[in-house]
Amino acid sequence: HEVRVSGDQIETLSAASGPPGTTVEVRNLFFNVPARQKFLRSSPTEIGHITEQITRIALVQPGVAFRLTHNGRVVHDLRPTGGMRSRIADFYGQELADALLDIRRHERGLKIIGHVSSPVDSRSSAKYQYLFLNGRFIRDRFIAAAVREAYRGLMEPHRHPVLFLAFEIDPATIDVNVHPTKIEVRWQDSNVLYSQVLS
């Protein structure tokens, strides 16, 4: 189907042919909300934010294809892959993807899978640290503290490991309604989380 929406009004809803999947096209997003529009940054800054959101989703969904275009130029054209490592290579290069170490742990109801760098492949910022909980990007101070402790003494101060970690846990043991963007979560037992990441 094809659905065209302008503001809060559905303009058309009709049958349409096309390849499997979903295509979303956005134009003049805040045309009828000038208060929001005036807070937009420059076009390169805003496309940077959009690209980062696509990165966060695509890393944890390697079996899904993503294509991002901007002003007629293809920013990303990602085909479905067999795993997160291949998707990491799409975004950050094969050399980095090949250098990462595999992580697999499943204890006390917490499953952790992903990839981390050795201390020699550290970076000057934490930009290359991606955490996912039950398929959603998060930031978490307990995980960050456990990672810092795990690498303590192995890297120079103010260096950060590269990591892509996906956590799976029973949703009943977490609260995702801590932050409007759902990026922060509250854990029922943060001590278990800390100890498992540290291990």
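Helices (H or I, at least four residues) and strands (E, at least two) are DSSP runs, numbered from the N terminus. This is a predicted model, in which local features need pLDDT of at least 70, side-chain atom pairs count only at pLDDT 80 or more, and totals for chains, interfaces and linings use all residues. Residues are numbered from 1 along each chain as its sequence is written, and side-chain values use heavy atoms, with hydrogens and water left out.

**Exercise 1. The whole chain**

Task: State how many helices and strands the protein chain has, and describe its extent, surface and contacts.

Solution.
- Step 1. The protein chain has six helices and eleven strands.
- Step 2. Its C-alpha atoms fill a box of roughly 60 × 40 × 35 Å along the principal axes.
- Step 3. Take buried as under 20% relative accessible area, exposed as over 50%, and partly exposed as in between (1.4 Å probe, protein chains only). Of the 199 residues in the protein chain, 30% are buried.
- Step 4. The accessible surface is about 13400 Å², and 50% of it belongs to carbon and sulfur atoms. Such areas come from the Shrake-Rupley method with a 1.4 Å probe; for residues, only the protein chains shown count as cover.
- Step 5. A contact means heavy atoms within 4.5 Å. Among contacts with a separation of 6 or more, 59% join residues 24 or more positions apart.

**Exercise 2. The nonpolar cores**

Task: Find which elements give two or more residues to the largest nonpolar core.

Solution.
- Step 1. A nonpolar core is a set of buried Ala, Val, Leu, Ile, Met, Phe, Trp, Tyr and Cys residues joined through side-chain atoms within 4.5 Å.
- Step 2. The largest such core has 20 residues, and Leu133, Ile143, Phe167, Trp187 and Val197 have the most contacts inside it.
- Step 3. Two or more residues come from each of β6 (110–116), β7 (129–133), α5 (141–151), β9 (163–168) and α6 (190–198).
- Step 4. α5 gives the largest share, four residues.
- Step 5. A second, separate core has 19 residues, including Ala58, Ile88, Phe91 and Ile183.
- Step 6. Put this in context. In soluble globular proteins, nonpolar side chains tend to be buried together.

**Exercise 3. Two residues and their neighbours**

Task: Decide whether leucine 131 is buried or exposed, then list what it touches.

Solution.
- Step 1. Leucine 131 is in strand β7.
- Step 2. Its relative accessibility is 8%, so leucine 131 counts as buried.
- Step 3. Leaving out residues up to four places away in sequence, leucine 131 touches Arg136, Phe137, Ile138, Asp140, Ile143, Leu163, Leu165 and Phe167.
- Step 4. Turn to phenylalanine 167. With the same exclusion of residues up to four places away, its contacts include Leu110, Ile112, Leu131, Leu133, Ile143 and Val197.

**Exercise 4. Two helices with a buried face**

Task: Show where the buried residues of α5 and α6 lie around each helix.

Solution.
- Step 1. In α5, the buried residues are Ile143, Ala146, Val147 and Tyr151.
- Step 2. Down the axis of α5 they fall within an arc of 125°, so they line one face of the helix. The arc is that of the directions from the helix axis to the C-beta atoms.
- Step 3. Arg141 and Arg148 are exposed on the other side of α5.
- Step 4. The cover over the buried residues of α5 includes β6, β7, β8 (136–138), β9, β11 and α6.
- Step 5. In α6, Ser190, Val192, Leu193, Gln196 and Val197 are buried.
- Step 6. Down the axis of α6 these fall within an arc of 155°, so they too line one face of the helix.
- Step 7. Their cover includes β5 (101–107), β6, α5, β9 and β11 (186–187).

**Exercise 5. Positive phi**

Task: Place asparagine 71 and lysine 182, and give the phi of each.

Solution.
- Step 1. Recall the background. Most residues other than glycine have a negative phi.
- Step 2. Asparagine 71 has a positive phi, near 55°. Asparagine 71 is in the loop between β3 (66–70) and β4 (73–78).
- Step 3. Asparagine 71 counts as exposed, because its relative accessibility is 71%.
- Step 4. Lysine 182 has a positive phi of about 65°. Lysine 182 is in the loop between β10 (174–175) and β11.
- Step 5. Lysine 182 is partly exposed, at a relative accessible area of 29%.
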